[in-house]
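Have the model open and ready to rotate? Let's walk through it one stop at a time, beginning with a charged residue and its partner.

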Amino acid sequence: MTASAARPSRPLVLASAGIAVVGASYGMARYGFGLLAPEISATFHLGHRAIGLLAAASYVAYVATSITAGALTVRVGPRAVVGAGGVCAVAGMSIAGMAQSPAWLFVGLLVAGASAGFVFPPFSDVVTGSVAPHRRGRVLAAISSGTGWGVALAAPIALLAWGGWRTAWLLFAATAAIATAWALAVLPGRTRAPGRGEIVRLSRSWFICPRSSPLLIGAVVVGLASSVYWTFAVEHLHRPGGLSTADSQIVLAVVGVASVGGSAGADIISRLGASRAHALGALAEAASLVLLGLGPGTLATGLASAVLFGVAYNTIIAGQVIRSADVFASRPSAGLAAVMVMNALGLLAGAPLFGAIADTTGLAAAFVAGAALVLATVVLAPRGRAASDG
């Protein structure tokens with residue numbers, strides 16, 4: 001093994017790089033829009049449906065890049081793919097920060113959203129290839145918690161940004177540039193040329209099989225159910241909840257802090273089993289959605305919901321990440337990309353869907369519908385352990 005390939009075998013260094021770049025791409029480039037939605041809505045005079053469609057922009061690009069990330073990692077190496085994701089995050093959020101119309105904001109969100117699809121799958125390959133087996137679950141869970149770290153950092157940036165939401169986007173872009181630089185310093189390039197047969201091809205028969213189907217369907221439904229929180233939580237607390245924009249953003253910051261608890265996902269699964277851990281996470285997320293949906297008028301209710309959602313959502317995602325590395329063991333980056341695509345399809349459909357529901361029946365009904373959906377994923381919880389991929 002070359003020196004560049006050996007560096008990531010230090011789990012803490014690898015985890016820190018993953019947390020940084022996932023935090024910038026997911027926590028800021030993807031979910032930063034929900035944090036800034038009330039100010040953007042006021043600036044451009046947008047309704048819930050329009051906000052949902054703008055939020056969907058980042059998910060469209062995320063789906064596209066997630067589909068290609070596994071194959072690209074094999075072809076050009078993890079550093080190049082993560083670097084491409086970092087460039088998308090910086091460029092997209094810079095465009096969003098300078099947008100003078102909803103159309104340019106859409107373009108910025110589209111470019112920024114592409115970053116998340118690129119940055120996470122390569123880490124699955126690197127962790128599988130360079131971290132001891134007994135540590136892989138914890139490292140992958142820690143990296144998946146980067147979303148929480150990103151949201152936790154994004155919220156105070158948004159609160160303190162002098163000049164409002166445009167300045168916040170530009171500060172997010174600067175943060176993404178720093179995170180990308182660190183990841184590029186840590187990740188290996190191509191250590192050997194892949195053979196022709198090693199190029200990942202996601203044929204239907206490869207990633208849809210009896211072991212993987214519950215995981216993939218569950219990822220879609222979790223994305224669909226959770227999209228209402230990521231897109232409309234701050235908006236719902238602000239209108240009709242009556243909380244100030246600052247208080248609403250503080251609630252989302254607490255989601256980010258609580259999300260860091262998802263880094264303990266590997267230990268929770270080890271203690272409770274995958275099925276019980278998922279069921280507990282689904283119940284807690286459903287409770288958070290109902291709590292916020294029906295009681296947005298007090299900061300205490302919002303904070304309680306934020307803690308529940310942050311821990312629950314990221315525990316569920318950590319479980320899916322760990323499970324994907326097992327189910328798709330021979331091609332972990334492609335397998336994780338497949339799970340991410342399914343999750344993104346749910347998020348993509350959910351943002352405009354719940355926006356339309358909100359315009360018709362109110363946001364409270366949208367949050368309750370999301371709770372029902374996430375509870376339905378309990379029947380898709382993993383049973384036992386896959387010995388190999390599909």
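Arginine 49 comes out as partly exposed, because its relative accessible area is 44%, and that falls between the 20% and 50% cut-offs for buried and exposed. Keep in mind that this is a predicted model. The side chain of arginine 49 meets that of aspartate 359 in a salt bridge, at 3.9 Å from N to O. Arginine 49 sits in helix α4 and aspartate 359 in helix α17 (residues 332-361), so this pair ties together parts that are 310 residues apart in sequence. Aspartate 359 is partly exposed too, with a relative accessible area of 38%.

How many salt bridges does the structure hold? Two. Besides the pair just described, arginine 323 forms one with aspartate 326, and here the closest N and O atoms are 3.9 Å apart. The setting is helix α16 (residues 299-327), where the two residues are three apart and therefore separated by about one helical turn. As for cover, both arginine 323 and aspartate 326 are buried.

Now go back to the stretch just before α4. The loop between α3 and α4 holds histidine 45, a residue other than glycine that nevertheless has a positive phi, near 60°. Histidine 45 counts as exposed because its relative accessibility is 72%. Leucine 46 lies in that loop between α3 (32-44) and α4 (48-76) as well. Is leucine 46 buried or exposed? Buried, since its relative accessible area is 16%, under the 20% cut-off.

What does leucine 46 touch, once residues up to four places away are set aside? The list is Ile40, Ser41, Ile51, Leu54 and Pro102. Proline 102 is 56 residues from leucine 46 along the chain, yet their C-alpha atoms are separated by 9.1 Å. Serine 101 gives a similar kind of pairing: threonine 43 is 58 residues away in sequence and 9.4 Å away in space, C-alpha to C-alpha. Serine 101 is found in the loop between α5 (78-98) and α6, and at 21% relative accessibility it counts as partly exposed.

Carry on into helix α6 (residues 102-119), where you'll find phenylalanine 106. Its relative accessibility is 37%, so it counts as partly exposed. Together with Trp104 and Val107, Phe106 makes a nonpolar surface patch of about 290 Å².

Then there's the inside. In soluble globular proteins, nonpolar side chains tend to be buried together. Here the largest nonpolar core has 107 residues, and the members touching the most others are Met93, Leu105, Trp169 and Phe172. Helix α12 (residues 213-238) supplies the largest share of this core, twelve residues. Apart from it lies another core of five residues, including Ala61, Cys88, Ala114 and Phe118. For a closer look at one of the hubs, pick phenylalanine 172: beyond its neighbours within four places in sequence, its contacts are Met28, Gly32, Leu35, Leu36, Met93, Ala154 and Ile157.

Finally, zoom out to the whole chain. There are 18 helices and zero strands, and 57% of the 390 residues count as buried. Take the contacts between residues at least 6 apart in sequence: 87% of them join residues at least 24 apart. The accessible surface comes to about 14200 Å², with 69% of that belonging to carbon and sulfur atoms.

Definitions and conventions. Residues are numbered from 1 along each chain as its sequence is written. This is a predicted model: local features need pLDDT of at least 70, side-chain atom pairs count only at pLDDT 80 or more; totals for chains, interfaces and linings use all residues. Side-chain values use heavy atoms; hydrogens and water are left out. Patches are made of residues with over 30% relative accessible area and no salt bridge: like charges are joined within 9 Å, nonpolar side chains (Val, Leu, Ile, Met, Phe, Trp, Tyr) within 5 Å. Accessible areas come from the Shrake-Rupley method with a 1.4 Å probe; for residues, only the protein chains shown count as cover. A salt bridge is a side-chain nitrogen of Lys or Arg within 4 Å of a carboxyl oxygen of Asp or Glu. Helices (H or I, at least four residues) and strands (E, at least two) are DSSP runs, numbered from the N terminus. Buried means under 20% relative accessible area, exposed over 50%, partly exposed in between (1.4 Å probe, protein chains only). Contact means heavy atoms within 4.5 Å. A nonpolar core is a set of buried Ala, Val, Leu, Ile, Met, Phe, Trp, Tyr and Cys residues joined through side-chain atoms within 4.5 Å.
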